[in-house]
Amino acid sequence: MHESPLVYKPAARFLHWLMALLVIATIPIGVTMLQPGLSRGVQDTLFILHKNGGVVILLLLLARIAYRIANPPPPLPAHVPHSQRLMAEAVHLALYALLLIMAVSGFVRVSAGGFPIEALDALGLPRLPKSEAVAAFAKAVHANARYALVALMLAHIGAALYHGLVRKDGVLARMWPARRG
Ligand code: HEM
Ligand code: HEM
């Protein structure tokens, strides 16, 4: 099929969908765990999931960025206009940057705040030096950058669905898990 050279490699698609699931789960967990009135047990569980899941996202993200540099994506279909190519590239770059900012600021907020990250502590990894100022800065970054991340995710998912359902132009299929044909 002539589309096949235009799809993302299996490893790129695997990382995309695994990380999409993790990030889409992590955001509501982060918001829910801060709500007043939760029982201690529920809140602790959500915090453990969020912090350690966030570290998994950070490690996957670093692997994915390295993989992406070594394996540039396939060219977009010829009919996609230049302005849309630039827009897609800008949104993808911003998504990577915001995921990095979210994951690093979350890590710094917890580690420099002197709180546990259970999986890393179990591995005996050292914490950052304790600093209220650094932790407070990272906390503000983490709380604010999420709005940009959510807005970009919505724009990204909207554009992908527009290509897949309205234009039906093969762009969604580039990332879709099942190979066509
Ligand atoms: C891409 C990864 C991540 C995303 C998308 C994310 C998202 C969020 C969101 C949406 C909130 C709620 C913010 C609010 O309502 O003010 C939050 C809070 C929080 N996150 Fe993350 N997070 C990520 C990674 C991490 C990591 C790696 C850690 C720590 C190891 C972490 C620790 C926290 C903590 C401690 C809070 C509570 C902040 C506070 O004290 O007010 N997050 N996160
Ligand atoms: C759940 C619905 C989603 C759909 C349908 C979707 C669809 C797609 C498609 C079709 C592409 C390829 C675009 C192209 O050919 O240029 C793509 C790329 C990308 N997606 Fe998604 N996506 C979804 C969720 C997400 C989420 C939640 C994130 C981030 C948290 C994300 C981050 C990215 C990134 C960074 C790229 C660029 C890949 C690269 O070239 O390195 N996606 N997505």
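In this predicted model, an oxygen atom of ligand 1 lies 2.9 Å from an N or O atom in the side chain of Arg109. The elements that contribute two or more residues to the shell around ligand 1 are helix H1 (10-32), helix H2 (40-70), helix H3 (82-112) and helix H5 (132-167). The largest contribution comes from H3, with seven residues.

**Overall fold**

The protein has five helices and zero strands. Read from the N terminus, the order of elements is α-α-α-α-α. Along the principal axes, the C-alpha atoms fill a box of roughly 55 × 35 × 30 Å.

**Surroundings of ligand 1**

The shell around ligand 1 consists of 25 residues, and the closest are His50, Gly106, Arg109, His142 and Arg146. Sorted by class, this shell holds 15 nonpolar, six polar and four charged residues. The space that ligand 1 takes up is the second largest pocket.

Besides Arg109, two further side chains have polar atoms at listed distances from ligand 1. In the side chain of Arg146, an N or O atom is 3.3 Å from an oxygen atom of the ligand. For His50, the corresponding distance is 2.8 Å, and the ligand atom is a nitrogen.

**Iron of ligand 1**

His50 and His142 are the protein donors of the iron atom of ligand 1, each through NE2, lying 2.0 Å from the metal. His50 belongs to helix H2 and His142 to helix H5, so this pair ties together parts that are 92 residues apart in sequence. The arrangement is octahedral because the six donor atoms around the iron atom of ligand 1 subtend angles of 86 to 179°. For reference, ideal angles for six octahedral donors are 90 or 180 degrees.

**Surroundings of ligand 2**

Ligand 2 sits in the largest pocket. It is surrounded by 21 residues, of which His16, Arg68, Tyr96, His156 and Arg174 are the closest. By class, the shell around ligand 2 is made up of 15 nonpolar, three polar and three charged residues. H1, H2, H3 and H5 each supply at least two residues of this shell.

**Iron of ligand 2**

The iron atom of ligand 2 is coordinated by NE2 of His16 and NE2 of His156, at 2.0 Å. His16 is in helix H1 and His156 in helix H5; the two are 140 residues apart and link distant parts of the chain. Six donor atoms surround this iron, with angles of 88 to 180° among them, and the site is octahedral.

**Polar distances to ligand 2**

The table lists distances between side-chain atoms and atoms of ligand 2.

| Residue | Atom of ligand 2 | Distance |
|---|---|---|
| Arg68 | oxygen | 2.5 Å |
| His156 | nitrogen | 2.8 Å |
| Arg174 | oxygen | 2.3 Å |

His156 thus appears in two roles: its NE2 coordinates the iron atom of ligand 2, and a polar atom of its side chain lies 2.8 Å from a nitrogen atom of that ligand. His50 appears in a like way at ligand 1, with NE2 as a donor to the iron and an N or O atom of its side chain 2.8 Å from a ligand nitrogen. Helix H5 carries His142, one of the donors to the iron of ligand 1, and also His156, which pairs with His16 at ligand 2.

Methods: Residues numbered from 1 in each chain as written. Chains lettered and ligands numbered in written order. Predicted model: local features only at pLDDT ≥ 70, side-chain atom pairs only at ≥ 80, totals over all residues. Heavy atoms only, no water. Near = heavy atom within 4 Å. Polar contact = N/O pair within 3.5 Å; in protein donor to acceptor, adjacent residues only side chain to side chain. 1 Å grid on protein atoms, 1.4 Å probe; cavity = no way out; pocket = protein on both sides within 12 Å on 5 of 7 lines; lining within 4 Å. Sits in = over half its atoms within 2 Å of the grid points. Helix = DSSP H or I, 4+ residues; strand = E, 2+ residues; numbered from the N terminus. Nonpolar A, V, L, I, M, F, W, Y, C, P; charged D, E, K, R; others polar. Donors = N, O, S within 2.8 Å, 3.2 Å for Na, K, Ca; no water. Tetrahedral: all angles 85-135°; square planar, octahedral: opposite > 155°, others 65-115°.
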